[in-house]
Each structure stands twice: as C-alpha cells, then as structure tokens.
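This briefing gathers computed features of one chain, arranged by topic. Please keep the sequence and the structure in view while reading.

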Amino acid sequence: GSGAVGGSSNAALTGAVLRRPVAQGGSQAEHYLVEYCCALATRAATRQLALRYLPHCSTRGAAVMSQVLRASAPPPGPWAGLGGVAAGGVAEGDGAADAEFIATYGALGACRAAGL
C-alpha cells in the first residue's frame with residue numbers, strides 16, 4: 001500500500017472505524033468521546049466541559065453524565081457546602097475552558113457533517 005495518510009482509502013477506512021459498534025454500546029467515535037469526557041470529569045476545572053460534551057453521546061452519554069454528577073455531588077449532611085460541582089466547577093467566563101469547548105464543538109459538527 002501507499003501508506004499515505006489522508007488518502008481517500010484512509011479517509012473511508014477512518015470513517016468506517018469510527019462508526020463501528022463497540023462492546024459497551026454506541027460507536028467507536030462515541031467511545032472516544034466518552035473516554036475524553038471521563039478524563040475531563042476528573043478535575044473540577046474541566047468537569048463542566050465534560051458535562052457539555054456528554055449530551056452528544058446518544059448511547060452512553062446520559063448514564064455517564066449521571067455517574068459524573070453523582071461522583072461530584074457533595075455528601076448529604078453538614079458537609080454539603082464543601083464540595084461538588086457548584087463549589088469546585090468552572091467559574092463563569094472561564095476563557096480557556098470556553099475556547100476548548102468551542103473548538104471541540106466545531107470538530108463534532110465537522111464529524112457530524114461528514115456522516116461520522
């Protein structure tokens with residue numbers, strides 16, 4: 001084979017790979033997005049960003065979002081005001097997180113337009 005990256009056969013193969021189903025449910029592309037969101041959700045500064053991406057995962061997004069919210073929720077009782085998304089989440093107007101979201105959202109739109 002030519003081994004050239006970006007050739008038409010490679011583009012077709014990439015699209016087929018991203019659309020193939022995975023054992024956890026959904027497509028390979030959704031699996032990658034869910035994994036990325038799980039990584040984002042591990043830090044308070046990027047958790048809100050993960051919660052913005054997960055609705056784009058039609059098969060597993062709602063379940064993963066629920067897990068993220070439960071994990072980040074403060075415990076009941078006197079500790080309720082010391083943790084969770086509200087206390088440690090992204091501040092309003094977080095420019096870096098917003099710019100990253102806009103770039104990724106644009107990439108998701110391009111994938112959708114390409115039929116992926």
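Which pattern does the chain follow when read along the sequence? The chain follows the pattern α-α-α-α-α-α, with 6 helices and 0 strands. The model is a predicted one.

**Overall chain**

- Of the 116 residues in the chain, 27% are buried.
- The accessible surface of the chain is about 7200 Å², and carbon and sulfur atoms account for 61% of that surface.
- When contacts between residues at least 6 apart in sequence are considered, 48% of them join residues at least 24 apart.

**Helix H2**

- Helix H2 covers residues 28-40.
- The 13 residues of H2 should span 18 Å at 1.5 Å a residue, and the end C-alpha atoms of H2 are indeed 18 Å apart, so the expected and modelled spans agree.
- The buried residues of H2 are Gln28, Glu30, His31, Leu33, Val34, Cys37 and Leu40.
- As background to such a list, an α-helix has 3.6 residues a turn, so residues three or four places apart point the same way.

**Glu30 and the loop residue Ser27**

- Glu30 belongs to helix H2 and is buried, yet Glu30 has no salt bridge.
- The nearest side chain of opposite charge to Glu30 is that of Arg60, 5.6 Å away; a salt bridge would require a side-chain nitrogen of Lys or Arg within 4 Å of a carboxyl oxygen of Asp or Glu, which means that this pair does not qualify.
- Glu30 nevertheless touches Arg60, together with Cys57, Ser58, Thr59 and Gly61, when residues up to four places away in sequence are not counted.
- Ser27 is located in the loop between helix H1 (8-19) and H2.
- A polar atom of the Ser27 side chain lies 3.1 Å from the backbone nitrogen of Glu30.
- With neighbours within four places in sequence left aside, Ser27 contacts Leu18, Arg19, Arg20, Pro21 and Val22.

**Arg19 in helix H1**

- Arg19, which is among the contacts of Ser27, is placed in helix H1.
- Arg19 has a relative accessible area of 44% and therefore counts as partly exposed.
- The C-alpha atoms of Arg19 and Ala29 are 6.5 Å apart in space, while the two residues are 10 apart in sequence.

**Leu40 in helix H2**

- Leu40 is also placed in helix H2.
- Leu40 counts as buried because its relative accessibility is 9%, and buried means under 20%.
- Leu40 and Ala50 are separated by 10 residues in sequence, and their C-alpha atoms are 5.5 Å apart.
- Ala50 is also one of the residues that Leu40 touches, alongside Thr46, Arg47, Leu49 and Tyr53, not counting residues up to four places away in sequence.

**Arg70 in helix H4**

- Arg70 lies in helix H4, which comprises residues 61-72.
- Arg70 is classed as exposed because its relative accessible area is 57%, and exposed means over 50%.
- The side chain of Arg70 makes a polar contact with the side chain of Ser66, at 2.6 Å.

Terms used: Residues numbered from 1 in each chain as written. Predicted model: local features only at pLDDT ≥ 70, side-chain atom pairs only at ≥ 80, totals over all residues. Heavy atoms only, no water. Helix = DSSP H or I, 4+ residues; strand = E, 2+ residues; numbered from the N terminus. Buried < 20%, exposed > 50% of the residue type's maximum accessible area, 1.4 Å probe, protein only. Lys, Arg positive; Asp, Glu negative; His and termini not counted. Contact = heavy atoms within 4.5 Å. Polar contact = N/O pair within 3.5 Å; in protein donor to acceptor, adjacent residues only side chain to side chain. Expected span 1.5 Å × (residues − 1). Areas by Shrake-Rupley, 256 points an atom, 1.4 Å probe, with all protein chains shown as cover.
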